[in-house]
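Student: Could you take me through one part of this structure closely? Please start with the whole chain, then settle on one piece and show me what surrounds it.

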Amino acid sequence: MRLTTKGRFAVTALLDLALQQSSNPVTLADISQRQKISLSYLEQLFAKLRQSELVDSVRGPGGGYCLAKDLGEVSIADIILAVDEPIDATQCGGKENCHNDSKCMTHDLWAKLNEIIFDYLGAVTLKELVDNQKNLKSRDIAPLIDMRETTVA
């Protein structure tokens, strides 16, 4: 499975937004500074998140972004799919043409893995991640990790 920085950063940025949001919108510059994610990269991600109606933008002084849905209504799969991140462990992208234009011997194995991963990410909500981070903060554990240093297999 490939989960690139696009999906990881989108989840991290929305988690940051959810943790920081009160009655005021959160700026991308603030998220960028806290999470060490390029501002221009965040702008690209948030354009897609806005198109998918996961966030709303507020213009003008004091503007920024806020969540468009309740934390419990946003799954991690929603976030990843919103930024066009495919969740696919197959070699052929699900087209069943990975071995001389036909399905390879292990295609069904990887396709089933895709289903399991998607089901798991679809079952985890942004609310659960926020609650986990709040629990970590109460125990003085560093809550967010710079995902750029994590290797992706």
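Tutor: Start with the contacts between residues at least 6 apart in sequence: 67% of them join residues at least 24 apart. Keep in mind that this is a predicted model. The protein chain has six helices and two strands. Read along the sequence, they follow the pattern α-α-α-β-β-α-α-α. The chain has 153 residues, and 36% of them count as buried. About 9300 Å² of the chain is exposed, with 49% of that supplied by carbon and sulfur atoms.

Now settle on helix α3. Helix α3 runs over residues 39–51, which makes 13 residues. From its first C-alpha to its last it reaches 18 Å, close to the 18 Å expected at 1.5 Å a residue.

Which residues of α3 are buried? They are L42, L45, F46 and L49. Here, buried means under 20% relative accessible area. These residues cover an arc of only 100 degrees around the axis, so they sit on the same side of α3. The spacing along a helix helps here. An α-helix has 3.6 residues a turn, so residues three or four places apart point the same way.

What covers that side? The cover for the buried residues of α3 includes helices α1 (5–20), α2 (28–35) and α4 (76–82). It also includes the strands β1 (55–58) and β2 (64–67).

Take L49 as a close-up. Leave aside its neighbours within four places in sequence. L49 is then in contact with L14, L54, V55, I79, A82 and V83. Of these, V55 falls in the range of β1, 55–58. I79 and A82 fall in the range of α4, 76–82.

L49 also belongs to a wider group. The largest nonpolar core has 35 residues. Within this core, L14, L17, F46, L49 and I79 touch the most other members. F46 and L49 are also among the buried residues of α3. The elements that give two or more residues to the core are α1, α2, α3, β2, α4, α5 and α6 (126–138). Helix α1 gives the largest share, nine residues.

There is another link between α1 and α3. A search of the whole structure finds two aromatic pairs. One of them is formed by F9 and Y41. A pair of aromatic rings is described by the distance of the centres and the angle of the planes. For F9 and Y41, the centres are 5.8 Å apart and the planes are at 85 degrees, an edge-to-face pair. F9 lies in α1 and Y41 in α3, so the pair ties together parts that are 32 residues apart in sequence. Is each partner buried or exposed? F9 is buried, with a relative accessible area of 7%. Y41 is partly exposed, at 24%.

Next, look at the loops on either side of α3. K36 sits in the loop between α2 and α3. K36 has a positive phi of about 60 degrees, although it is not a glycine. On the other side, E53 lies in the loop between α3 and β1. E53 comes just after α3 and takes a positive phi of about 60 degrees. E53 is also a residue other than glycine. E53 counts as exposed, at 58% relative accessibility.

Finally, set α3 beside another helix. Helix α5 covers residues 107–123, which makes 17 residues. It reaches 24 Å from its first C-alpha to its last, close to the 24 Å expected. Its buried residues are H107, N114, I117 and L121. They fall within an arc of 90 degrees seen down the axis, so they line one face of α5. Those buried residues pack against α4, and α4 is also part of the cover over α3. On the other side of α5, L109, D119, Y120 and A123 are exposed.

One residue in a loop also touches L121. S75 sits in the loop between β2 and α4. S75 is buried, with a relative accessible area of 8%. Leaving aside its neighbours within four places in sequence, S75 is in contact with L121, G122, V124 and T125.

To return to α3: its buried residues L42, L45, F46 and L49 lie on the same side of the helix.

Technical notes. Residues numbered from 1 in each chain as written. Predicted model: local features only at pLDDT ≥ 70, side-chain atom pairs only at ≥ 80, totals over all residues. Heavy atoms only, no water. Helix = DSSP H or I, 4+ residues; strand = E, 2+ residues; numbered from the N terminus. Expected span 1.5 Å × (residues − 1). Buried < 20%, exposed > 50% of the residue type's maximum accessible area, 1.4 Å probe, protein only. Arc of directions from axis to C-beta. Contact = heavy atoms within 4.5 Å. Phe/Tyr/Trp six-rings, centres within 6.5 Å; stacked < 30°, edge-to-face > 60°. Core = buried A, V, L, I, M, F, W, Y, C linked by side-chain atoms within 4.5 Å. Areas by Shrake-Rupley, 256 points an atom, 1.4 Å probe, with all protein chains shown as cover.
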